[in-house]
Amino acid sequence: MSENPTAEAGHRNIVLSILNAIDQTFGWIERVVVAGSVLIMAALMSAHVVGNLLFDRGIPGTYEVTEMLIVVMTFVGVGYAARCARHISMSAIYDQLSGGLRKTLLIIICLGTGALMFYFAYKSAQYDMTLYERGRASSSLGVPLWTVNLALPIGFTLAGVQYLLTIIRNLVSDDIYRSFNEKEEYSAVPIDDSGQTHTSDEPHGI
């Protein structure tokens with residue numbers, strides 16, 4: 001005998017609620033890191049310029065810290081881009097499909113991309129371990145480089161988790177999701193006075 005549809009829907013909602021909590025937690029971390037890096041970088045560069053103009057002396061190590069923050073912001077931002085479905089995608093074949101074939105191809109793409117992200121996380125963790133063993137540090141401030149490059153495996157792991165969540169979301173949902181919370185929808189096609197459409201009915205994520 002098949003399981004009660006109401007109970008099955010309840011179980012699915014519980015799973016989605018747990019996954020949504022995980023997604024929101026990761027999203028909060030990513031936003032704090034990216035926004036914090038931008039704010040610190042802007043404040044530091046502004047103070048450096050003001051110091052040069054008023055006191056003929058800037059803040060030592062400004063450019064070095066800026067480079068470090070760019071690394072952190074870039075690789076943690078990979079996970080945030082995947083979470084918001086704002087990453088670059090090659091969709092020439094994907095856009096020609098619809099229904100089950102479209103969802104299947106999306107799942108395959110997410111599976112391959114997620115596996116690649118986890119592989120990159122593994123290789124970057126190996127690289128970071130090498131930096132740690134060699135004791136390499138920045139030239140001006142002496143900051144251990146492994147602490148900065150820790151953003152690489154963390155960022156790739158966050159991106160891989162997002163693709164994994166996207167796969168699960170599409171498996172348990174009837175609609176197509178480009179990320180865990182970004183459902184794919186079609187834009188409305190404006191019709192002019194002659195009754196002809198003048199824009200393409202291309203899918204997009206919200």
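## Exercises on a predicted helical model

Helix H5 (residues 151-172) has 22 residues, and from its first C-alpha to its last it reaches 32 Å, close to the 32 Å expected at 1.5 Å a residue. Helices (H or I, at least four residues) and strands (E, at least two) are DSSP runs, numbered from the N terminus. The expected span is 1.5 Å times one less than the number of residues in the helix.

This is a predicted model, in which local features need pLDDT of at least 70, side-chain atom pairs count only at pLDDT 80 or more, and totals for chains, interfaces and linings use all residues. Residues are numbered from 1 along each chain as its sequence is written, and side-chain values use heavy atoms, with hydrogens and water left out.

**Exercise 1. Find how many residues of H5 are buried.**

Step 1: start from the cut-offs, where buried means under 20% relative accessible area, exposed over 50%, and partly exposed in between (1.4 Å probe, protein chains only).
Step 2: apply them to H5, where 16 of the 22 residues are buried, so the helix is largely enclosed by the rest of the structure.

**Exercise 2. Compare the span of helix H2 with its expected span, then look for a bend.**

Step 1: H2 covers residues 62-83, and its 22 residues should span 32 Å at 1.5 Å a residue.
Step 2: the end C-alpha atoms of H2 are 31 Å apart, which agrees.
Step 3: H2 bends by about 30° at Gly77; the bend is the angle between axes fitted to the seven residues ending there and the seven starting there.
Step 4: Gly77 is itself buried, and other buried residues of H2 include Met73, Val76 and Gly79.

**Exercise 3. Describe the surroundings of Glu30.**

Step 1: Glu30 is found in helix H1 (residues 5-55).
Step 2: leaving aside neighbours within four places in sequence, the contacts of Glu30 (heavy atoms within 4.5 Å) are Val76, Gly79, Tyr80, Arg83, Leu158 and Gln162.
Step 3: Glu30 is buried yet has no salt bridge, a term for a side-chain nitrogen of Lys or Arg within 4 Å of a carboxyl oxygen of Asp or Glu.
Step 4: the nearest side chain of opposite charge is that of Arg83, 4.6 Å away; here Lys and Arg count as positive and Asp and Glu as negative, while His and the chain ends are not counted.

**Exercise 4. Is Arg83 buried or exposed, and what about Tyr80?**

Step 1: Arg83 is found in helix H2, and so is Tyr80.
Step 2: Arg83 has 10% relative accessibility and counts as buried, whereas Tyr80, at 30%, counts as partly exposed.
Step 3: beyond four places in sequence, Arg83 touches several residues, among them Asp23, Gly27, Glu30 and Glu182.
Step 4: with the same kind of neighbours set aside, Tyr80 is in contact with Glu30 and Arg31.
Step 5: Tyr80 and Arg31 are 49 residues apart in sequence, and their C-alpha atoms are 7.5 Å apart in space.

**Exercise 5. Examine the phi of Asp56.**

Step 1: Asp56 sits in the loop between H1 and H2 and is exposed, with a relative accessible area of 70%.
Step 2: the phi of Asp56 is positive, near 60°.
Step 3: most residues other than glycine have a negative phi.

**Exercise 6. Which element has the lowest mean pLDDT, and which the highest?**

Step 1: pLDDT is the predictor's confidence in each residue, from 0 to 100.
Step 2: strand E2 (residues 203-205) has the lowest mean, 49, and helix H3 (residues 99-134) the highest, 92.
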